[in-house]
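The following exercises concern the strands, the nonpolar core and the ligand shell of one structure. Each task is followed by a solution in steps.

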Amino acid sequence: MDFRIEDISPEEISRRLSVVEPLTESVRRLIDAVIRTEVDDAELIAATERIDQVVQTLRSRQRDGSFGTPYTPTFIGMPWGNAAVGARNAIAPPLQIRTESGVAECEMVLGAAYEGPGGCVHGGVAALMLDQLVGEAASTDGLPSFTGTLTVRYLRPTRLGALSARAEVTGREGRKTFVHATLSDDDGVTVEADAIMIAPKGFALPGGEVLPHPATAQEEN
Ligand SMILES: CCCCCCCC(=O)SCCNC(=O)CCNC(=O)[C@H](O)C(C)(C)COP(=O)(O)OP(=O)(O)OC[C@H]1O[C@@H](n2cnc3c(N)ncnc32)[C@H](O)[C@@H]1OP(=O)(O)O
């Protein structure tokens, strides 16, 4: 797993986000426009050329591989490539998740880019969002937990549009955390999920130092 420390201040994080978030929003608008445009073929071909030029400019200086999840030394995470919440990832809805002890929740508006059955949210997108939420709910006590098992029940079709989601820890057992999550529209729950989250045995920093997860530390004592 790609993990690196980047020693920057909260002010520098805000500055970088203020530049990159409008770019990501712009690409999100592009994705939506490509799906829904009805312009003629000549305009589509011209648009392809202009977009390829922008891609070439961005690629002139580019990191190898994915973005990873850099952390500051005080553990502020910057998961900016993340598929559900990444500030640099136009595929992410994006989810603006609020957390408190054992709970994660958010609201989102899903448009044409998230369609599965006509007019409805793709089941994989629903699972993606709930996976992120259960991960964040389980991780509110300390270091991250990974999804071991995610069981998803689609109760009825979820229409594209304004939605909300919530995940809550229902129990802990050693390194395992059990989480229940729901995705809802105005009429109530459309999808529910249960997750078994596993805290990794140790959390290795670059250089080899391993931080014990609180649950692991309890097991060892
Ligand atoms: C803030 C961060 C938000 C992040 C949100 C994003 C969430 C994600 O998408 S995470 C990505 C998807 N998940 C993954 O890639 C995980 C891949 N799997 C793994 O890395 C490992 O299998 C991992 C970490 C889950 C478990 O490995 P390991 O720690 O070696 O487990 P192990 O020691 O064998 O088992 C520990 C306990 O967990 C249980 N367990 C292990 N694997 C699973 C599983 N897949 N499902 C359920 N239970 C499991 C074992 O039965 C055991 O239970 P008990 O203590 O009662 O005997």
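**Exercise 1.** In which sense do β4 and β6 pair, and over how many bridges?

*Solution.* The model is a predicted one. Strands β4 and β6 run antiparallel to each other and are joined by eight bridges. One of the pairs to locate is Leu110 with its bridge partner Gly161 in β6. Next, follow β6 to β7: these two strands also pair in the antiparallel sense, over nine bridges. Here Glu168 has His180 in β7 as its bridge partner. Finally, inspect the hairpin of β6 and β7, where two residues lie between the strands and Gly174 adopts a positive phi near 60 degrees.

**Exercise 2.** Determine where the largest nonpolar core lies with respect to the domains.

*Solution.* Begin with the membership: the core has 31 residues, and those touching the most other members are Met129, Leu130, Leu133, Val134, Val179 and Ala181. Then consider the elements: β4, α3, β6, β7 and β8 each contribute at least two residues. The greatest contribution, eight residues, is that of α3. Residues come from both domain 1 (1-92) and domain 2 (98-220); therefore the core lies between them. As a closer look at one member, Val179 has contacts beyond four places in sequence that include Val134, Ala137, Ala167 and Met197.

**Exercise 3.** Describe the residues around the ligand.

*Solution.* The shell has 17 residues, of which Gly135, Gly148, Thr149, Ile196 and Ile198 come nearest. Elements giving two or more residues to this shell are α3 (123-138), β5 (146-154) and β8 (188-198). By character, the shell comprises five nonpolar, seven polar and five charged residues.

Methods. Residues are numbered from 1 along each chain as its sequence is written. This is a predicted model: local features need pLDDT of at least 70, side-chain atom pairs count only at pLDDT 80 or more; totals for chains, interfaces and linings use all residues. A residue is near a molecule or strand if its C-beta atom, placed from the backbone, lies within 6 Å of it. Helices (H or I, at least four residues) and strands (E, at least two) are DSSP runs, numbered from the N terminus. Ala, Val, Leu, Ile, Met, Phe, Trp, Tyr, Cys and Pro count as nonpolar, Asp, Glu, Lys and Arg as charged, and the others, Gly among them, as polar. A nonpolar core is a set of buried Ala, Val, Leu, Ile, Met, Phe, Trp, Tyr and Cys residues joined through C-beta atoms within 7 Å. A residue is buried if 20 or more other C-beta atoms lie within 10 Å of its own, exposed if 12 or fewer, and partly exposed in between; C-beta atoms are placed from the backbone. Domain bounds come from an automatic or database domain assignment. Two residues are in contact if their C-beta atoms, placed from the backbone, lie within 7 Å. Two strands pair if DSSP finds at least two bridges between them.
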